[in-house]
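Colleague: Let us go through this one together, term by term. I would like to hear what stands behind each label.

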Amino acid sequence: MKHLKIILAVFALLLLAGVGCHVGGTDTNFYDDTYAPYDYGDDSYDYDDSYDSGDSSDPYGSDYYSNVPQGSQTVYACNLDQDYCEYETVEISGSYVTSSNNGSRTIFPDESFCDEEGCYFVDDLSNQWYFEF
């Protein structure tokens, strides 16, 4: 009976050692299953739905701001907080106003957004501006 307990104990240790080695070092599916969306070698990742597809509903797609004029534009912008309008020279990059100049000062908005109709931005005095193309 004593020999049977020793054999069972050795068998249990070998079984545990085998399972431990398998989980810790030789399970190659652990990486693929855990990090599959970020593993570019994984065939399950759908490259057609990437942000480079140009889908117009995708704000990062290349076609999203294709109707927004790029570069320097002279526009008739209105200050929505103080109810007046003036000509501004704005610099547009992508779907953002990167700078605005009215001849006497240049501002670099922290907040802005452009679409195919026009742009909205907030100046350094927290005034809201809007213009249409």
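Modeller: Gladly, and let us start with contact, which means heavy atoms within 4.5 Å. By that rule Asp-115 touches Val-68 and Phe-133, leaving aside residues up to four places away in sequence. Please keep in mind that this is a predicted model, where local features need pLDDT of at least 70 and side-chain atom pairs count only at pLDDT 80 or more, while totals for chains, interfaces and linings use all residues. Residues are numbered from 1 along each chain as its sequence is written, and side-chain values use heavy atoms, with hydrogens and water left out.

Colleague: How far apart are Asp-115 and Val-68, in sequence and in space?

Modeller: They are 47 residues apart in sequence and 6.1 Å apart in space, C-alpha to C-alpha. For the protein, residues 24 or more positions apart account for 25% of the contacts with a separation of 6 or more.

Colleague: What makes the link from the side chain of Asp-115 to the backbone nitrogen of Glu-117 a polar contact?

Modeller: The term asks for a pair of N or O atoms within 3.5 Å; within protein, one must be able to donate a hydrogen and the other to accept it, and residues adjacent in sequence count only if both atoms are side-chain atoms. Here the distance is 2.9 Å, so the pair is within the limit.

Colleague: And why is Asp-115 called partly exposed?

Modeller: Buried is under 20% relative accessible area, exposed is over 50%, and partly exposed is in between (1.4 Å probe, protein chains only). Asp-115 has 27%, so it is partly exposed.

Colleague: Why is Asp-123 called buried, then?

Modeller: Its relative accessibility is 5%, which is under the 20% limit, so it counts as buried. Asp-123 lies in the loop between β6 and β7. Its side chain makes a polar contact of 3.3 Å with that of Arg-105, and Asp-123 touches Arg-105, Ile-107 and Trp-129, again without residues up to four places away in sequence. Across the 133 residues of the protein, 24% count as buried.

Colleague: You speak of β6 and β7, so what makes a stretch a strand or a helix?

Modeller: Both are DSSP runs numbered from the N terminus: H or I over at least four residues for a helix, E over at least two for a strand. The protein has two helices and seven strands, in the order α-α-β-β-β-β-β-β-β from the N terminus on.

Colleague: How do you know that β1 and β2 pair?

Modeller: Two strands pair if DSSP finds at least two bridges between them. Nine bridges join β1 to β2, so these antiparallel strands meet the rule. Gln-73, for instance, stands opposite Val-90 in β2. β2 is joined to β3 (residues 96-101) by five bridges, also antiparallel, and Ser-93 stands opposite Tyr-96. Five bridges join β6 to β7 as well, with Phe-121 and Trp-129 as bridge partners.

Colleague: What makes β4 and β5 edge strands?

Modeller: The open sheet of seven strands has the order β4-β3-β2-β1-β7-β6-β5, with antiparallel pairing. β4 (106-107) and β5 each have a single partner strand, so one side of each is left without a neighbour in the sheet.

Colleague: What is unusual about the phi of Asp-83, and is the residue buried or exposed?

Modeller: Most residues other than glycine have a negative phi. Asp-83 has a positive one, near 50°, in the loop between β1 (71-79) and β2 (84-93). At 70% relative accessibility, which is over 50%, it counts as exposed. Ser-126 also has a positive phi, about 70°, and sits in the loop between β6 (118-122) and β7 (128-132). Its relative accessible area of 55% makes it exposed too.

Colleague: Finally, what makes a set of residues a nonpolar core?

Modeller: They must be buried Ala, Val, Leu, Ile, Met, Phe, Trp, Tyr and Cys residues joined through side-chain atoms within 4.5 Å. The largest such core has twelve residues, among them Val-68, Val-90, Ile-107, Cys-119 and Trp-129. β1, β2, β6 and β7 each supply at least two residues of this core. Cys-119 touches, among others, Ile-92, Val-97, Trp-129 and Phe-131, residues up to four places away in sequence not being counted.
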